[in-house]
Amino acid sequence: MGQGRRIPMVDTTQVEVALETGTYECRGVVKQDDGSRSRGDKLATLRTLLDHAGLITQVGLCPLPVHDLPACRRLFETAPVLSTGDWL
C-alpha cells in the first residue's frame with residue numbers, strides 16, 4: 001500500500017432478514033426499542049482511505065443484537081492495515 005497517511009474508517013450496518021424466512025440458520029430474533037422484532041446480522045467493514053478512494057481491507061459479521069464495538073473488536077485486533085496512532 002506504500003507510504004503516506006492512511007485513515008481507516010469503520011462502518012457497521014444492520015442486515016435484516018424477514019422474520020418469515022424460516023431458512024436463516026443460527027440467527028436469533030432481537031426486540032427493538034420500539035417493540036418490533038428483527039432478525040439478521042450486523043456487517044462491519046474496515047475501509048482505508050487512500051487519497052480520494054476507500055479500499056475495503058477487512059469485513060466482519062456478527063449477530064444483529066451486538067453493539068458496534070463488540071462487532072468490530074476482532075477487526076481492530078487483527079487488521080494488518082492498522083498501526084499505532086491511526087485515527088479511526
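Is L88 buried or exposed? In this predicted model, L88 is exposed, with a relative accessible area of 59%. Exposed here means over 50%. L88 sits in the segment after helix α1.

L88 belongs to a nonpolar patch on the surface. The other members are V10, L69 and F76. Together, the four residues V10, L69, F76 and L88 have about 330 Å² of accessible area. V10 comes from strand β1, which spans residues 7-17. The relative accessible area of V10 is 31%, so V10 is classed as partly exposed.

The contacts of L88 were examined with its neighbours within four places in sequence left aside. On that basis, L88 touches P8, V10, L46, F76 and L82. V10 and F76 are thus contacts of L88 and also members of the patch. The contact with L46 bridges a separation in sequence. L88 and L46 are 42 residues apart along the chain. In space, their C-alpha atoms are 9.4 Å apart.

Helix α1 covers residues 68-78. Its buried residues are A71, C72 and L75. Seen down the axis of α1, these buried residues fall within an arc of 70°, so they line one face of the helix. R74 and E77 lie on the other side of α1, where both are exposed. The helix thus has A71, C72 and L75 buried, with R74 and E77 exposed.

Key. Residues numbered from 1 in each chain as written. Predicted model: local features only at pLDDT ≥ 70, side-chain atom pairs only at ≥ 80, totals over all residues. Heavy atoms only, no water. Patch = residues over 30% accessible without salt bridge, like charges linked within 9 Å, V, L, I, M, F, W, Y side chains within 5 Å. Areas by Shrake-Rupley, 256 points an atom, 1.4 Å probe, with all protein chains shown as cover. Salt bridge = Lys/Arg side-chain N within 4 Å of Asp/Glu carboxyl O. Helix = DSSP H or I, 4+ residues; strand = E, 2+ residues; numbered from the N terminus. Buried < 20%, exposed > 50% of the residue type's maximum accessible area, 1.4 Å probe, protein only. Arc of directions from axis to C-beta. Contact = heavy atoms within 4.5 Å.
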